[in-house]
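User: I'd like a close look at one part of this protein, the nonpolar patch on its surface. Could you walk me through that part and then set it in the wider picture?

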Amino acid sequence: MRIAAITNWAYATTVCLTIAAGVAMVMASSADRAERSAVRQRDVLDALTFEVENDLSELSDQARLAAMSDDPGHESTYRQMLSALDTVEQRIAKLRDNGASEAELKLLHAGLQGARELEDEQQAAIAANRGGNSERARSIIFGPNYQRQLEGVRYEFDRFRYMLDQRSDRTIEDASLASQRLRSISEIMVAITAILFLFVLGFILKRRILKPVVTLSDVVNRLAEQDYAVETPQFSQVDEIGDMAQAIRIFRENGLERQRLERQRDADWRVRDVLARMTQRLQGCESVEDLFNVVRLFAPRIAPNLAGRLYILDGRIDLMVCATEWQTPSGSGASFSPEGCWALRRGQVHSPGGDLVDVPCRHVPTDVAQATMCVPLTAQGETIGLLVLENLAAAHEPDVSTIVYIELMSETLGLALANLNLRAALHEKALFDSLTGLRNRHDLLDTLGRLVVAADATDQPLSCLMLDIDHFKRLNDRFGHDAGDLVIRAVAGVFGGVVRDEGLAFRYGGEEFLMLMPGFDERQALDRASLIRDRIAELELVHDGEVLGPVTVSMGIAVYPEHGTAQSLIITADAALLRAKEEGRDRTVVAVRRQRIAKAS
């Protein structure tokens with residue numbers, strides 16, 4: 001006979017006994033509830049009768065005060081208390097609702113009627129006192145008849161409570177006996193169930209389970225310790241032991257799969273941590289060069305099997321330019337037009353090596369096209385770059401989890417690159433003049449401070465040249481503002497073109513320009529001014545087919561420290577420029593040399 005047949009009979013018997021024990025326990029619990037209900041009912045009815053007695057006593061006391069005193073306030077208080085009391089019918093209904101029997105209610109009705117008669121006596125005493133017959137009021141409210149009626153009412157209430165206690169005690173006693181009897185029956189059935197269970201368990205252990213279970217137990221213990229290298233036993237018998245062995249084999253296979261998934265999860269967490277750290281570093285980048293270094297460092301750790309290049313859109317030439325690369329991808333990394341990449345055309349990831357047939361991009365070498373994936377970098381709907389990734393492990397696109405990481409990396413990278421581009425644009429607008437491309441006055445003081453420190457450290461001169469376009473207002477009024485802007489751009493082109501590495505040019509304001517020349521003495525500054533004037537004189541400017549005529553400039557030069565302190569260098573050069581304009585324009589004037597103040601030792 002199979003173990004299942006034996007255990008099925010035992011199981012059926014055990015279930016029957018368990019159900020019987022459960023029914024007995026439920027009935028015992030019901031008896032306990034009846035007992036608790038009787039106790040609660042007695043407490044409620046006792047409280048209600050004590051409430052009536054208390055109301056009767058308080059009303060009687062207030063009636064005596066009203067009958068003995070001429071103060072109308074006592075009578076008013078008595079009337080309020082009397083109106084607040086429930087009627088006899090209301091009190092009887094409240095007692096009935098809380099479980100009082102008809103016999104008890106009949107007994108209590110007499111007491112409540114007596115209480116109502118006492119109220120009549122009280123009102124009669126109050127009326128006599130109000131009529132001036134205080135002696136009659138006292139005889140009514142303090143007379144023996146009133147006292148006997150009061151004691152009679154209390155006696156009726158005591159009888160009610162006694163009858164209630166008798167009934168409650170009988171109910172509690174019956175419920176306790178029933179509960180004890182049913183609990184005893186339940187305990188006997190539980191004991192029989194336990195004996196039957198132990199008998200069946202001993203039979204099974206003795207006959208067919210002990211040895212196989214010991215073997216399986218050892219295997220299970222090793223599996224519990226996550227030792228999935230253990231070999232599961234092969235039992236040939238077709239019974240529960242064989243089924244258990246099969247289940248253990250399945251458990252081992254599931255454990256091996258779970259280990260694989262855990263390793264994959266740990267790898268995922270490591271990659272997510274790398275992504276988080278990369279995002280933090282990108283947020284701290286001060287320039288695109290910093291961003292390129294971060295990408296070059298973190299990208300191989302996020303996707304170890306992917307080589308790649310980062311392309312940036314150069315808007316001046318409308319080409320995708322390779323900014324950085326990692327893990328030596330195929331191809332040259334040459335610049336290409338955005339139209340040559342399907343990812344940029346479609347605005348989404350493009351991978352011709354996926355499950356579906358797709359067109360490879362023209363900028364990707366043919367031999368690695370199936371292993372290449374292009375990921376556009378976008379920010380606020382605008383394409384600003386491109387990731388071109390090559391799978392080094394196989395000739396197809398990366399797995400799904402890696403693609404997810406790449407998309408997360410591209411989103412973060414696109415946002416960081418857009419922020420840096422915006423910062424660079426704002427920085428350029430803040431420091432450079434939009435019309436001429438020269439630096440503006442916002443950067444002049446910082447630059448002058450750095451050059452003065454360098455000049456003091458090397459004991460070299462620092463020249464300042466200020467330039468003003470002659471008769472610019474007259475030219476502006478005659479030819480218009482567009483012609484004036486043309487002249488300013490042309491002069492700025494000459495002015496900035498002669499700076500090279502040895503100086504800095506600024507648009508000081510309007511038609512005025514300023515140049516700082518570190519290391520230039522007075523003679524070198526004059527040579528540079530002469531070069532500027534000659535090149536400006538060579539300009540042939542035409543606006544709307546009309547020749548603007550020759551352009552001349554006036555310049556003033558001041559040299560630090562010969563012509564003054566660093567703080568007054570620009571003012572001194574401006575004063576020299578003013579002299580040049582006063583002396584007839586189209587000339588260069590050097591500031592008046594001043595005596596150099598010796599530095600304190």
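Analyst: Happy to! Keep in mind that this is a predicted model. The patch you are asking about is formed by Ile19, Val23 and Met27, and this nonpolar piece of surface covers about 280 Å². Let's take Met27 as our way in. Met27 sits in helix 1, which runs over residues 3–68. Is Met27 buried, partly exposed or exposed? Its relative accessibility is 44%, and because exposed would require over 50% and buried under 20%, Met27 counts as partly exposed.

Now for the wider picture. The protein chain has 601 residues, and 40% of them count as buried. Its accessible surface comes to about 33,900 Å², with 54% of that belonging to carbon and sulfur atoms. In secondary structure, the chain has 15 helices and 11 strands. Looking at contacts with a separation of 6 or more, 65% are between residues 24 or more positions apart.

Elsewhere in the chain, you can look at how one pair of helices packs. Helix 13 (residues 481–497) and helix 14 (residues 522–537) have axes 10 Å apart and pack at an angle of about 145 degrees. The crossing of helix 13 past helix 14 is right-handed. On the helix 13 side, Val491, Val494, Phe495 and Gly497 make the contact, while helix 14 contributes Ile532, Arg535 and Ile536.

So, back to your patch: when you view the model, find Ile19, Val23 and Met27 together on the surface, with Met27 placed in helix 1.

Definitions and conventions. Residues numbered from 1 in each chain as written. Predicted model: local features only at pLDDT ≥ 70, side-chain atom pairs only at ≥ 80, totals over all residues. Heavy atoms only, no water. Patch = residues over 30% accessible without salt bridge, like charges linked within 9 Å, V, L, I, M, F, W, Y side chains within 5 Å. Areas by Shrake-Rupley, 256 points an atom, 1.4 Å probe, with all protein chains shown as cover. Salt bridge = Lys/Arg side-chain N within 4 Å of Asp/Glu carboxyl O. Helix = DSSP H or I, 4+ residues; strand = E, 2+ residues; numbered from the N terminus. Buried < 20%, exposed > 50% of the residue type's maximum accessible area, 1.4 Å probe, protein only. Axes fitted to C-alpha atoms, helices over the stretch in contact; angles between N-to-C directions. Left-handed = near helix turned anticlockwise from the far one by under 90°. Contact = heavy atoms within 4.5 Å.
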